[in-house]
Amino acid sequence: MVEDDRYCIDVLTQLQAVRAALHRVETEVLRQHLDHCVMGAMTGDDPEDRKAKARELIELLARATR
């Protein structure tokens, strides 16, 4: 769009749409991770796996707030 010299607002609108789509994908991947990987670890018998999944989530949240 930029190379085609499109109107700035049109480019910005498309960028916002892409960002929103990526956010929806990110949310769905996180939901699936929580439903399967994290819940599996939390209900499983391996305390180290539970700790690892908790650390992963804490690191993910820390990165998200930067």
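Helices (H or I, at least four residues) and strands (E, at least two) are DSSP runs, numbered from the N terminus. Ala20, for example, is found in helix H1.

This is a predicted model, in which local features need pLDDT of at least 70 and side-chain atom pairs count only at pLDDT 80 or more, while totals for chains, interfaces and linings use all residues. Residues are numbered from 1 along each chain as its sequence is written, and side-chain values use heavy atoms, with hydrogens and water left out.

**Stop 1: before H1**

Select Glu3. It lies in the segment before H1. Is Glu3 buried or exposed? Its relative accessibility is 81%, so Glu3 counts as exposed. The cut-offs for relative accessible area are under 20% for buried, over 50% for exposed, and partly exposed in between (1.4 Å probe, protein chains only). Now add Glu48, which is 45 residues from Glu3 along the chain. Their C-alpha atoms are separated by 51 Å.

Move to Asp5. This residue also has its place in the segment before H1. Its relative accessible area is 69%, so Asp5 is exposed. Check the backbone here: phi of Asp5 is near 60 degrees, a positive value in a residue other than glycine.

**Stop 2: along H1**

Select residues 8-43. This is helix H1, with 36 residues. The expected span of a helix is 1.5 Å times one less than its number of residues. For H1 that gives 52 Å, and the end C-alpha atoms are 51 Å apart, so the two agree.

Pick Thr13 in helix H1. At 40% relative accessibility, Thr13 is partly exposed. Draw a line from Thr13 to Glu28, 15 residues apart along the chain: the C-alpha atoms are separated by 23 Å.

Go on to Ala20. It is partly exposed, with a relative accessible area of 32%. From Ala20 to Arg6, 14 residues apart along the chain, the C-alpha separation is 21 Å.

Where is the kink in H1 centred? Select Leu34: the kink is centred there, at about 35 degrees. The bend at a residue is the angle between axes fitted to the seven residues ending there and the seven starting there.

Then colour Val11, Val38 and Ala41. These are the buried residues of H1. What covers them includes helix H2 (47-64).

**Stop 3: Lys53 on H2**

Select Lys53 in helix H2. Its relative accessibility is 15%, so Lys53 counts as buried. Which residues does Lys53 touch, not counting those up to four places away in sequence? They are His33, Cys37, Val38, Ala41 and Met42. Contact here means heavy atoms within 4.5 Å.

**Stop 4: the largest pocket**

Rolling a probe the size of a water molecule over the atoms shows where empty space is left. A pocket is an open set of points on a 1 Å grid over the protein atoms alone, where a 1.4 Å probe fits, with protein on both sides within 12 Å along at least five of seven lines; lining residues have an atom within 4 Å of a point.

About 180 Å³ of space lies in the largest pocket. Volume is the space filled by probe spheres set on the points.

Show the lining: His23, Glu26, Thr27, Val29, Leu30, His33, Leu34, Leu57, Leu60, Leu61 and Ala64. H1 and H2 each supply at least two of these residues. H1 gives the largest share, seven residues. By class, the lining has seven nonpolar, three polar and one charged residues. Ala, Val, Leu, Ile, Met, Phe, Trp, Tyr, Cys and Pro count as nonpolar, Asp, Glu, Lys and Arg as charged, and the others, Gly among them, as polar.
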